Amino acid sequence: LPVSVYTDSEQASAAVARQIADLIRQRAAEGRNCVLGLATGSSPTRVYEELVRLHREEGLSFRNVVSFNLDEYYPMAPDSLQSYVRFMHEYLFDHVDIRPENVHIPDGTVPQEQVADYCRRYEEQIREAGGIELQLLGIGRTGHIGFNEPGSGASSRTRIITLDHITRTDAASDFYGEENVPRRALTMGVGSILEAKKIVLLAWGEGKAAVVKRMVEGEPTDTVPATYLQRHPAVQVVLDDAAGAELT
Ligand code: F6R
């Protein structure tokens, strides 16, 4: 996997934001939409802050952007403090001129018996939009991308999954206790993610160093779903020094 290591996550995030902005502008110049796959969590927040700055200070418009988020807790009300709907609005959508009808985030309120249909429809919408051009990813300590926990196969699709214990531990502070973290989530599958034309994975800090090493240097296996990124022709792994510290 091609890896870029930066001295700090701020510089790295600015470079990634610049890359996304260039793509948005290029598509706008062609009169086309730019379809982005977006992630939540701590890893992409500075990228979103920089995109907001580019919108405010350099006239970057999101009028031609169509977005699909990777995942959402299940169940989850969109107005909850911990919802990914709220996260995306807080960090990005409320501060730029994206069209509300172009924003797609898995709906954590879909009744259980409709989830399978809902997930199929989510994938259809991605296809109808022309497919994801650039997919932003973080990585969990379990090796998950999206919420594809260990056991998720290379051809898995958008679906409901059970969160790993480690993932729920890592989310505990957001929910004021692990017992409050939802046990399940909706997520795009590994196979869905691998269909993006380009993938940019962000990881910061020493807590990610071990899983980054497994992702980059380990054999592809469903015990570390991020290893399946090795099968994609256009992935860029963007790290700070600490996250890259265990790479050989
Ligand atoms: C979030 C997502 C997750 C996170 C991962 C890392 O939409 O899909 O895979 O990217 O859990 O989270 P942070 O960035 O908070 O370390």
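**Exercise 1. The ligand shell**

How do the residues of the shell around the ligand divide into nonpolar, polar and charged?

Solution. This is a predicted model. Start with the members. There are 14 residues around the ligand, and Gly41, Ser42, Ser43, Gly138 and Gly140 come nearest. Now sort the shell by type. Five residues are nonpolar, eight are polar and one is charged.

**Exercise 2. Overall build**

Work out whether the chain agrees with a compact globule or departs from one.

Solution. Take the elements first. The chain holds seven helices and 10 strands. Next, the box: along the principal axes, the C-alpha atoms fill roughly 45 × 45 × 35 Å. Then test the radius of gyration. A compact globule of 248 residues would have a value near 18 Å; the chain has 17 Å, so the two agree. Finally, look at the contacts. Among those with a separation of 6 or more, 80% join residues 24 or more positions apart.

**Exercise 3. The annotated domain**

Which residues does UniProt give to its domain feature, and what do they contain?

Solution. The unreviewed UniProt entry places "domain: Glucosamine/galactosamine-6-phosphate isomerase" at residues 8–230. Treat that label with care, because such annotations may be inferred rather than shown by experiment. Now turn to the model. Residues 8–230 are 35% helix and 15% strand. The end C-alpha atoms of this span lie 24 Å apart.

**Exercise 4. The nonpolar core**

Find the residues that touch the most other members of the largest nonpolar core.

Solution. Begin with burial. Buried residues make up 42% of the 248 in the chain. The largest nonpolar core has 67 residues. Ile139 and Leu201 touch the most other members. Follow Leu201 outward. Beyond its neighbours within four places in sequence, Leu201 contacts Leu137, Ile139, Leu229, Val235, Val237 and Val238. The general rule: in soluble globular proteins, nonpolar side chains tend to be buried together.

**Exercise 5. Tyrosine 74 and the cis bond**

Locate tyrosine 74 and decide whether it is buried or exposed.

Solution. Tyrosine 74 is found in strand S4, residues 71–74. Count its surroundings: 23 C-beta neighbours lie inside 10 Å, so tyrosine 74 is buried. List the contacts more than four places away in sequence. They are Gly108, Ile160, Pro182, Arg184, Ala185 and Leu186. Compare sequence with space. Tyrosine 74 and isoleucine 161 are 87 residues apart along the chain, yet 8.9 Å separates their C-alpha atoms. Now check the next bond. Tyrosine 74 and proline 75 are joined by a cis peptide bond, with omega about -10 degrees. Proline 75 lies in the loop between S4 and helix H3 (84–91).

**Exercise 6. Two residues of one loop**

Which of valine 181 and tyrosine 176 is buried, and which is exposed?

Solution. Place both residues. Valine 181 is in the loop between helix H5 (165–171) and strand S8 (184–187). Tyrosine 176 also lies between H5 and S8. Next, count neighbours. Valine 181 has 20 C-beta neighbours inside 10 Å, so it counts as buried; 20 is the cut-off. Tyrosine 176 has 11 other C-beta atoms within 10 Å and is therefore exposed. Check the tyrosine 176 backbone: phi is positive, about 55 degrees, although this residue is not a glycine. Then trace the contacts of valine 181. Setting aside residues up to four places away, valine 181 touches Arg168, Ala171, Ala172 and Phe175. One last distance: valine 181 and aspartate 170, 11 residues apart in sequence, are 9.7 Å apart, C-alpha to C-alpha.

Definitions and conventions: Residues are numbered from 1 along each chain as its sequence is written. This is a predicted model: local features need pLDDT of at least 70, side-chain atom pairs count only at pLDDT 80 or more; totals for chains, interfaces and linings use all residues. Helices (H or I, at least four residues) and strands (E, at least two) are DSSP runs, numbered from the N terminus. A residue is near a molecule or strand if its C-beta atom, placed from the backbone, lies within 6 Å of it. Ala, Val, Leu, Ile, Met, Phe, Trp, Tyr, Cys and Pro count as nonpolar, Asp, Glu, Lys and Arg as charged, and the others, Gly among them, as polar. The radius of gyration is taken over C-alpha atoms; the globule rule is 2.2 Å times the number of residues to the power 0.38. A residue is buried if 20 or more other C-beta atoms lie within 10 Å of its own, exposed if 12 or fewer, and partly exposed in between; C-beta atoms are placed from the backbone. Two residues are in contact if their C-beta atoms, placed from the backbone, lie within 7 Å. A nonpolar core is a set of buried Ala, Val, Leu, Ile, Met, Phe, Trp, Tyr and Cys residues joined through C-beta atoms within 7 Å.
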